[in-house]
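Visitor: Please show me the protein, and then let us go through it question by question.

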Amino acid sequence: DGGGACGGGSAAEGERSLLRHKLRSYSREGVGALRVLLPLQQRPANDPRFVLLPLDASLGESLRSHVVTCAVDSCTEGSTNPPPA
């Protein structure tokens, strides 16, 4: 039944159904309507700016001229990164 030990099969199925419903309009639009935005770094929260990334380029090519920072969650299971100082 997919419920596992917790017996949550129907709840999980309901969540998947709700997610499919929420994403339906996006899937109807197709890939041609997809936009990938990269937030610019060091912008005030009240003035965010974004760069539109081209879909016909590789991710490496798209990010080549941009600074990308990553936040790493030190609480992630199996993480070998020390917590931030």
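Visitor: What is the mean pLDDT of the protein?
Guide: This is a predicted model, in which local features need pLDDT of at least 70 and side-chain atom pairs count only at pLDDT 80 or more, whereas totals for chains, interfaces and linings use all residues. Residues are numbered from 1 along each chain as its sequence is written, and side-chain values use heavy atoms, with hydrogens and water left out. Since pLDDT is the predictor's confidence in each residue, from 0 to 100, one may note that 73% of the residues reach 70 or more, and that the mean is 77.

Visitor: Over which residues is the pLDDT below 50?
Guide: Where pLDDT is low, the predicted coordinates should not be read in detail. The stretch in question has four contacts (heavy atoms within 4.5 Å) beyond near neighbours in sequence, and it covers residues 1-5.

Visitor: In what order do the elements run from the N terminus on?
Guide: Helices (H or I, at least four residues) and strands (E, at least two) are DSSP runs, numbered from the N terminus. The protein has two of each kind, and their order is α-β-β-α.

Visitor: Is L34 buried or exposed?
Guide: L34 lies in the loop between α1 (9-29) and β1 (36-39). Buried means under 20% relative accessible area and exposed over 50%, with partly exposed in between (1.4 Å probe, protein chains only). Because its relative accessible area is 43%, L34 is partly exposed.
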